[in-house]
Amino acid sequence: VTPAAVLPAPHRLRASDEFRSVVRSGVRVGRPTLVVHALAKQSPPSRAGFVVSKAVGNAVTRNRVKRRLRHLVSDALGSAPQPVDVVVRALPPAASGPLVEDFTGAWRTALGKLAA
């Protein structure tokens, strides 16, 4: 995955059924500002998708939260020990909360649950 905050097309979840399968079949780890859903895959590449609802804030706020999450996830996908699909759902406190700490903790916990 590139170090820039842009996820290349092969690393993005796009279709609603892809999101649905990760959320329903994967592990779930919640934090005050976000929820991480992760599902192990057999083959690369790792992919990510984001859910930022209107409850998070206006369009400017939602886009800022998405950019911050995209940056965190693009760094994390490269360090995953196995290919994974990840859906990160932002909660309303994400607009002003500690996204880095919450994502890092949730990411580690999710990978631990997948490895177990």
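Me: What makes the pairing of E18 with R47 a salt bridge?

Reply: In this predicted model, the closest N and O atoms of E18 and R47 are 3.1 Å apart. A salt bridge requires a side-chain nitrogen of Lys or Arg within 4 Å of a carboxyl oxygen of Asp or Glu, so the pair qualifies. E18 lies in helix α1 (residues 16–25) and R47 in strand β3 (residues 47–52), so the bridge ties together parts that are 29 residues apart in sequence.

Me: Why is R47 called buried, and why is E18 called partly exposed?

Reply: Buried means a relative accessible area under 20%. R47 has 17% and is therefore buried. E18 has 22%, which falls between the 20% and 50% limits, so E18 is partly exposed.

Me: How do you know that D85 forms a salt bridge with K41?

Reply: The closest N and O atoms of D85 and K41 are 3.6 Å apart, and the cut-off is 4 Å, so the pair counts as a salt bridge. It links distant parts of the chain, with D85 in strand β4 and K41 in the loop between β2 and β3, 44 residues apart. D85 has a relative accessible area of 6%, so D85 is buried under the 20% limit.

Me: What makes E18, K41, R47 and D85 a network?

Reply: The side chains of R47 and D85 also meet in a salt bridge, at 2.8 Å from N to O. This pair joins strand β3 to strand β4, 38 residues apart. R47 thus pairs with E18 as well as with D85, and D85 pairs with K41; the four residues are linked in a network of salt bridges. The structure holds three salt bridges.

Me: How do you know that α2 and α3 are in contact?

Reply: The axes of helix α2 (residues 59–79) and helix α3 (residues 99–115) come within 11 Å and cross at roughly 35 degrees. Contact means heavy atoms within 4.5 Å; the residues that make it include L69, L72 and V73 of α2 and F103 and W107 of α3. By class, the contact has ten nonpolar, one polar and one charged residues. The crossing is right-handed.

Me: How does the span of α3 compare with the one expected at 1.5 Å a residue?

Reply: α3 has 17 residues and reaches 24 Å from its first C-alpha to its last, close to the expected 24 Å.

Me: Which elements cover the buried residues of α3?

Reply: The buried residues of α3 include L99, F103, W107 and L114. Their cover includes β1 (27–30), β2 (34–40), α2 and β4 (84–90).

Methods:
Residues are numbered from 1 along each chain as its sequence is written. This is a predicted model: local features need pLDDT of at least 70, side-chain atom pairs count only at pLDDT 80 or more; totals for chains, interfaces and linings use all residues. Side-chain values use heavy atoms; hydrogens and water are left out. Axes are lines fitted to C-alpha atoms, for helices over the stretch in contact, and angles run from 0 to 180 degrees between N-to-C directions. Helices (H or I, at least four residues) and strands (E, at least two) are DSSP runs, numbered from the N terminus. A crossing is left-handed if the near helix is turned anticlockwise from the far one by less than a right angle, and right-handed if clockwise. Ala, Val, Leu, Ile, Met, Phe, Trp, Tyr, Cys and Pro count as nonpolar, Asp, Glu, Lys and Arg as charged, and the others, Gly among them, as polar. The expected span of a helix is 1.5 Å times one less than its number of residues. Buried means under 20% relative accessible area, exposed over 50%, partly exposed in between (1.4 Å probe, protein chains only).
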